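Reader: I have a structure to go through and a few questions about it. Can you put it up?

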Amino acid sequence: MKEKILEKAGELFIKYGFKSVTMDEIADQMGISKKTIYTHFKNKTLLVKETVMSFFDMIAHGIDCICETQKDPIEELFAIKNYTHENLKDESCSSHYQLQKYYPAIFQTLKTRQLELMKSCVKDNLERGIALGLFRDDLDIDFIARIYFTGVVGIKDEETFSPEEFNYQYLSSTYLNYHIRAIATEKGKLKLEKLLLKNEN
């Protein structure tokens with residue numbers, strides 16, 4: 001039952017926001033009593049924390065699996081983008097905003113874990129890209145990994161990128177394009193163009 005509660009709560013939190021969704025609404029959606037939820041989670045904050053970390057672990061595992069295949073580094077970046085799009089397709093900017101505003105400690109823990117994952121994944125990606133001649137060999141790898149993470153988080157800021165003006169899928173695709181063009185060699189840019197053309201078809 002606990003796993004089912006986490007799954008349903010995650011689905012609702014991602015779609016409508018962590019503050020907006022109440023324990024009553026989760027119980028109603030599942031056809032159970034609120035008391036049943038409190039049997040497994042002492043309060044909503046604990047439910048939010050476990051939901052967020054469970055979802056992060058799932059995404060992190062998927063990304064790790066992609067990285068283990070040792071794809072071409074540019075193809076790998078596209079594969080990770082597509083994977084996160086598929087699994088976060090119902091995520092609203094509101095959910096990200098509400099987590100940051102109403103559950104700052106959980107948000108900070110999540111951000112720290114995301115940074116560690118991204119640094120490891122992006123650094124490996126950059127090193128392999130340089131070795132294959134796809135990325136420039138004069139890059140400051142640690143800096144690029146951190147600035148890439150900052151951008152990935154930054155495009156979710158609804159004060160900067162209003163959901164009424166910007167679609168998240170457009171933002172993440174455009175940002176990835178921007179990132180690759182900033183670090184690619186001519187060989188890497190040709191590879192990027194081929195992938196963009198393939199994705200359009």
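Author: Below are some questions and answers on the fold, the empty spaces and the cysteines. This is a predicted model, where local features need pLDDT of at least 70, side-chain atom pairs count only at pLDDT 80 or more, and totals for chains, interfaces and linings use all residues. Residues are numbered from 1 along each chain as its sequence is written, and side-chain values use heavy atoms, with hydrogens and water left out.

Reader: How many helices and strands are in the protein?

Author: The protein has 10 helices and zero strands. Helices (H or I, at least four residues) and strands (E, at least two) are DSSP runs, numbered from the N terminus.

Reader: What does the C-alpha trace span, and what percentage of the residues is buried?

Author: The C-alpha trace spans about 60 × 35 × 30 Å along its principal axes. Of the 201 residues, 41% are buried. Buried means under 20% relative accessible area, exposed over 50%, and partly exposed in between (1.4 Å probe, protein chains only).

Reader: On to empty space. How many cavities of 30 Å³ or more does the count give?

Author: The count gives two cavities of 30 Å³ or more. On a 1 Å grid over the protein atoms alone, a cavity is a set of points where a 1.4 Å probe fits but cannot get out, and a pocket is an open set with protein on both sides within 12 Å along at least five of seven lines; lining residues have an atom within 4 Å of a point.

Reader: What is the volume of the largest cavity, and which residues are closest to its centre?

Author: The volume of the largest cavity is about 800 Å³. A volume here is the space filled by probe spheres set on the grid points, which are joined across faces, edges and corners. The largest cavity is lined by 38 residues, and the closest to its centre are Thr 84, Leu 88, Gln 114, Val 152 and Lys 156.

Reader: Which helix supplies the largest share of that lining?

Author: That is α7, with eight residues. The lining of the largest cavity divides into 26 nonpolar, eight polar and four charged residues. Ala, Val, Leu, Ile, Met, Phe, Trp, Tyr, Cys and Pro count as nonpolar, Asp, Glu, Lys and Arg as charged, and the others, Gly among them, as polar.

Reader: And the second largest pocket, what is in its lining?

Author: Its lining has three nonpolar, seven polar and one charged residue. About 170 Å³ of space lies in this pocket. Helix α9 gives the most to the lining, five residues. The lining includes Phe 78, Lys 81 and His 85.

Reader: Changing topic: how many disulfides does the search find?

Author: Zero in the whole structure. A disulfide is taken as a pair of cysteine sulfur atoms within 2.5 Å.

Reader: How far from Cys 67 is the nearest cysteine sulfur?

Author: The sulfur of Cys 121 is the nearest, 3.0 Å away, and Cys 67 is in no disulfide. Cys 67 counts as buried, at 11% relative accessibility.

Reader: What about Cys 65, how accessible is it?

Author: Cys 65 is partly exposed, with a relative accessible area of 35%.

Reader: Last one. Where does Ile 63 lie, and what does Ile 63 touch?

Author: Ile 63 lies in helix α4 and counts as buried, at 6% relative accessibility. Not counting residues up to four places away in sequence, Ile 63 touches Ile 80, Tyr 83, Thr 84, Leu 117 and Cys 121. Contact means heavy atoms within 4.5 Å.
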